[in-house]
Amino acid sequence: MSDRSPVLLWFRKDLRLDDNAALMAAVQNGGPVVCVYVREPQSEKVGPLGAAQEWWLHHSLTALDAALSEKGNRLILRSGTAVEALAILARETGARSLFVNRLYERDEIDPAILEQLHRTGLEIRRFKGQLLHDPKTMRTGTGGPYRVYTPFWRALEKEGEPREPVDAPASIPAPAHVPASESLADWDLLPQRPNWAVEFENLWQPGEAGAHQRLKRFIDKPIERYKRDRDFPGLEDATSMLSPHLAFGEISPARIWHATRGLTATEDMIHFRKELVWREFSYHLLVEFPRLASANWNDRFDTFPWAFDKAQFAAWTTGQTGYPIVDAGMRQLWRHGYMHNRVRMITASFLIKDLMINWRKGEAWFRDTLLDADAASNAANWQWVAGSGADAAPFFRIFNPILQGEKFDPAGDYIRRFVPEIAGLPNRYLHKPFEAPLAVLKEAGVTLGTTYPKPVVDHGLARDRALSAYAHVTGRSADPDPRD
Ligand code: FAD
């Protein structure tokens, strides 16, 4: 096509110029490019963005606008349904086509939206770039979807290297009359009173430049120890911290994958790639089972006798359970909009199995508070911990929060950072203050039930309760796994 009328380029969770197929095609089209981001009203299918992600979005859109300005263009902000906002913009600019990158989590709503826009006279072109591979074409030997990760990984290996990423265009021609944009400040995405995002600013740099810096920093060194260090939340920079950037599409997985190509194929490098492929696998599950965030993958869990104690749920969300590793994780989440992967598993297991609260409650809390909240990865991982998902950890693997803390935060650096009120306890009792003799507590300035909570449940009893609930679902008793 070489119609030089303007192209509408609809940015969504692909807030980047690098390796952006829709953008590249729009530029190659030869005419002006109208870059737009639409803030759609919440609907049954367009869930609200979590509060933490609203903070990120504000800064990411600012960064995208600045990057577009350097290329001679700018970002137009519009609110409304996608159909209305884009149709109006097309009329204002004389655009005859709409280019957009595919987002698999919108597979249920995008076809109808694009069809309606097509009916207004727009030519629609869709491109790919959210994932390394098309999750729909990945099929087992018998033609079905993969339900187990390892064969999925092997199948991807067989497919060979993902496609080469494409550099950002040198310039992006703007329309002669740039249409009006709404003001980002009016969208009110930043928290005001209280500003709970204060710490985000020192930790994160939303936007494409921040994503590339993170990638470079990780590839330069920490990746060399990735396999060994990635499970220890007290170690700084042990993982890439790329997840929020990936969630907003500020960097493409192909760009990350290819950045690891120059490295020797060590166990660390391969392990890192395997984690990227867990993201792919989560999307593979989501496209096969779009209700991944709301319904049990394994419907045997539909009769699971969940409990809900409001006070216990509040203790979990605020990091006041009396189990230090759980509390450290939940407070990291609140303060940083992020939680270490190992601790996500521990806190999720605690909610589901110790408190017997439905995994959906945890999924929703993470969705609201994580900067990297992702429709596929969040739901797939919650179901993985619950045991209701595909290739999930069996329900009867119940993390012991004391042993997990002792194993993965042995020096207590992580706990002391996020739960300072017990920092004075010796390592021996740091993971179980409730077992410390009174004299030790006193010396450390800890009064259980006053300065730090007593445990909300007894882990041993809670574990027994969870196992009998599980037996109720399966109709037989479960053999607990002694490793946990
Ligand atoms: P790295 O270790 O550097 O890994 C590189 C990338 O691989 C990550 O950025 C991520 O894109 C991908 N990845 C790593 N582990 C996983 C995994 N288990 N599943 C899917 N992708 C993975 N990740 C999200 O991106 N969004 C979520 O909403 C999310 N919710 C989770 C909820 C629970 C209960 C659990 C147990 C895990 C969740 N994860 C989620 C997965 C994982 O915790 C994060 O991706 C990881 O901690 C991000 O840190 P990183 O970028 O430093 O990861």
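**Exercise 1. Pairing around strand β2**

Determine which way β2 and strand β3 run relative to each other, parallel or antiparallel, and by how many bridges they pair.

*Solution.* The model is a predicted one. Step 1: in it, strand β3 covers residues 75-79 and is joined to β2 by five bridges, in the parallel sense. Step 2: individual partners can be named. V38 has R78 as its bridge partner in β3, and R39 has S79 as its partner in β3. Step 3: β2 also pairs with strand β1, residues 7-11; five bridges join these two strands, which run parallel. Here F11 finds its bridge partner in Y37 of β2.

**Exercise 2. The surroundings of β2**

Decide how many of the seven residues of strand β2 are buried, and state what follows for the strand.

*Solution.* Step 1: a residue counts as buried when its relative accessible area is under 20%. Step 2: strand β2 spans residues 33-39, and six of its seven residues are buried. Step 3: the strand is therefore largely enclosed by the rest of the structure.

**Exercise 3. The whole sheet and the helices on it**

Give the order of the strands in the open sheet, and identify which are the edge strands.

*Solution.* Step 1: the open sheet has five strands in the order β3-β2-β1-β4-β5, with parallel pairing. Step 2: β3 and β5 (123-127) are the edge strands, each pairing on one side only. Step 3: from one strand to the next, the twist averages 30°. Step 4: helices are then placed against the strands. Helix α2 packs on the sheet, where it touches β1, β2 and β3, and its direction makes about 145° with that of β3. Helix α4 (residues 110-119) lies across β1, β4 (97-101) and β5, and runs at about 150° to β5. Step 5: the connection between two of the strands has a handedness. β1, helix α1 (residues 21-28) and β2 form a β-α-β unit that is right-handed.

**Exercise 4. Classifying aromatic pairs**

Classify the ring pair W56 and F248, and then the pair Y323 and F350, as stacked or tilted.

*Solution.* Step 1: the count of aromatic pairs comes to 35. Step 2: planes under 30 degrees apart count as stacked, over 60 as edge-to-face, and the rest as tilted. Step 3: the ring centres of W56 and F248 are 6.1 Å apart and their planes lie at 20°, so this pair is stacked. The pair links distant parts of the chain, 192 residues apart: W56 belongs to helix α2 (residues 51-70), while F248 lies in the loop between α9 (243-247) and α10 (253-259). Both W56 and F248 are buried. Step 4: for Y323 and F350 the centres are 5.2 Å apart and the planes at 55°, so this pair is tilted. Y323 is in the loop between α12 (310-317) and α13 (324-336) and F350 is in helix α14 (residues 341-354), so the pair ties together parts 27 residues apart in sequence. Y323 and F350 are both buried. Step 5: W56 and F248 also belong to one aromatic cluster, whose members include W55, W196, F200 and W204.

**Exercise 5. A charge over a ring**

Find the ring over which the charged end of R12 sits.

*Solution.* Step 1: the charged end of R12 is over the ring of W10, 4.4 Å from its centre. Step 2: a further case is K13, which lies over the face of F248 at 6.0 Å from the ring centre.

**Exercise 6. The setting of L371**

State whether L371 is buried or exposed, and list some residues that it touches.

*Solution.* Step 1: L371 lies in the loop between α15 (359-369) and α16 (375-386). Step 2: its relative accessible area is 0%, so L371 is buried. Step 3: not counting residues up to four places away in sequence, L371 touches W55, W56, F200, W204 and F248, among others.

**Exercise 7. Unusual backbone geometry**

Identify which peptide bond is cis between R193 and its partner, and determine whether D188 and M356 are buried or exposed.

*Solution.* Step 1: most residues other than glycine have a negative phi, and most peptide bonds are trans. Step 2: the bond joining R193 and P194 is cis, with omega about -5°; P194 is in the loop between α5 (149-159) and α6 (200-203). Step 3: D188 is not a glycine, yet its phi is positive, about 55°. D188 is in the loop between α5 and α6 and is exposed, with a relative accessible area of 54%. Step 4: M356, also not a glycine, has a positive phi of about 55°. M356 is found in the loop between α14 and α15, and is buried at a relative accessible area of 5%.

Technical notes:
Residues numbered from 1 in each chain as written. Predicted model: local features only at pLDDT ≥ 70, side-chain atom pairs only at ≥ 80, totals over all residues. Heavy atoms only, no water. Buried < 20%, exposed > 50% of the residue type's maximum accessible area, 1.4 Å probe, protein only. Helix = DSSP H or I, 4+ residues; strand = E, 2+ residues; numbered from the N terminus. Pairing = 2+ DSSP bridges. Right-handed = clockwise from strand over helix to strand, strands pointing away. Phe/Tyr/Trp six-rings, centres within 6.5 Å; stacked < 30°, edge-to-face > 60°. Lys NZ or Arg CZ within 6 Å of the ring centre and 35° of its normal. Axes fitted to C-alpha atoms, helices over the stretch in contact; angles between N-to-C directions. Contact = heavy atoms within 4.5 Å.
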